[in-house]
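Thanks, everyone. I have one model to go through today, and I will keep it short. Please have a look at it first.

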Amino acid sequence: MTKALLIVFHSKTGNTRKMAEAVMIGTKHPDITGVEVRFVTAQEADAKDLIWADGLILGTPENFGYMSGMMKDFFERTFYEVEGKISPLPFAMFISAENDGTGAELSIERIAKGYPLIKVQPSIINTGELTSATVLKCEELGTSMAAGLEMSLF
Ligand SMILES: Cc1cc2nc3c(=O)[nH]c(=O)nc-3n(C[C@H](O)[C@H](O)[C@H](O)COP(=O)(O)O)c2cc1C
C-alpha cells in the first residue's frame, strides 16, 4: 500500500525553503517507489493534509526563539480538526536559524505531544548561511523518512 508523506514548511527569506526542497529531493530516491509526497507551505496546509498523512516532516525558521508564526498558525488551525482522528504520526523537523534554533525545536516538540506526533529522527538545525553539508543532511532526512514509511519501520 502506498504511504503518504507530508512536508509542511514556512520560509520568509528562502533558507528554510531550500532545506525543504532538499528534503523533497531526498524523498524521490529511485529505490523508493511506494511513497506519495505532498509539499505544502504552512499557510496552505490544513487538517485534511494531516489526516491524509502517514508521516510528517516540518520545517521552520526560528523567530524570536520559537517556531515561525505561520507554523504555529498551522498547528492552531488543525488541532481540534485532527484530534482523535489521527494515529500517532511519525515526524521529523528541520530548522533554519541565525544563531540558535533550539527554541523553535523545543516549541514544536511540546506541541507534538498533543497531536500526537512521534519524533523518529534527530532534528536538523542550520545556523547562519545554509551549508552544503546541511543540504545533504536534509536530502538524507527525506530519504530516511520515505524509506522508513515504505518499510513500515515507524
Ligand atoms: C522576526 C525574526 C526573528 C528571528 N528570531 C531569531 C531567533 O530568535 N533566533 C535565531 O537564531 N534566528 C532568528 N531569526 C533569524 C532567522 O531564523 C533566519 O534568518 C532564518 O534563516 C530565516 O529563515 P527563512 O529564510 O526560511 O525565512 C529571526 C528572523 C526574523 C525575521
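Let me start at the ligand. The model is predicted, and in it 18 residues lie around the ligand. Those that come nearest are Ser11, Thr13, Asn15, Thr16 and Pro61. Which elements supply at least two residues of this shell? Helix H1, residues 15–27, is one, and strand E4, residues 89–97, is the other. H1 gives the most, with 3 residues. As for the chemistry of the shell around the ligand, 10 of its residues are polar, 5 are charged and 3 are nonpolar.

Staying with H1, I turn to its packing. Two packed helices are described by the angle between their axes and the distance between the axes. The partner here is helix H5, residues 132–150. The axes of H1 and H5 cross at roughly 45 degrees and come within 6 Å. H1 and H5 are therefore oblique to each other. The crossing in which H1 passes H5 is right-handed. On the H1 side, the contact is made by Met19, Ala22, Val23, Met24, Ile25, Gly26 and Thr27. H5 brings Thr134, Val135, Cys138, Glu139, Glu140, Leu141, Gly142, Thr143 and Ala146. By class, the contact of H1 with H5 has 9 nonpolar, 5 polar and 2 charged residues.

Now the fold as a whole. The secondary structure comprises 5 helices and 6 strands. Along the sequence, the pattern reads β-α-β-α-β-α-β-α-β-β-α. How does the radius of gyration compare with the globule rule? For the 154 residues here, the rule gives 15 Å, and the radius of gyration is 14 Å, close to that value, so the protein is as compact as a globular protein of that length. The C-alpha trace spans about 40 × 35 × 25 Å along its principal axes.

Last, two points on backbone geometry. Most residues other than glycine have a negative phi, and most peptide bonds are trans. Each half of that has an exception in this model. The peptide bond joining tyrosine 115 and proline 116 is cis, with omega about 0 degrees. Where does proline 116 sit? It is in the loop between helix H4, residues 102–114, and strand E5, residues 117–119. The phi case is phenylalanine 64, where the angle is near 50 degrees, a positive value in a residue that is not glycine. Phenylalanine 64 is also in a loop, the one between strand E3, residues 55–61, and helix H3, residues 69–82.

That is it from me.

Conventions
Residues are numbered from 1 along each chain as its sequence is written. This is a predicted model: local features need pLDDT of at least 70, side-chain atom pairs count only at pLDDT 80 or more; totals for chains, interfaces and linings use all residues. A residue is near a molecule or strand if its C-beta atom, placed from the backbone, lies within 6 Å of it. Helices (H or I, at least four residues) and strands (E, at least two) are DSSP runs, numbered from the N terminus. Ala, Val, Leu, Ile, Met, Phe, Trp, Tyr, Cys and Pro count as nonpolar, Asp, Glu, Lys and Arg as charged, and the others, Gly among them, as polar. Axes are lines fitted to C-alpha atoms, for helices over the stretch in contact, and angles run from 0 to 180 degrees between N-to-C directions. Angles under 35 degrees count as roughly parallel, over 145 as roughly antiparallel, 65 to 115 as roughly perpendicular and the rest as oblique. A crossing is left-handed if the near helix is turned anticlockwise from the far one by less than a right angle, and right-handed if clockwise. Two residues are in contact if their C-beta atoms, placed from the backbone, lie within 7 Å. The radius of gyration is taken over C-alpha atoms; the globule rule is 2.2 Å times the number of residues to the power 0.38.
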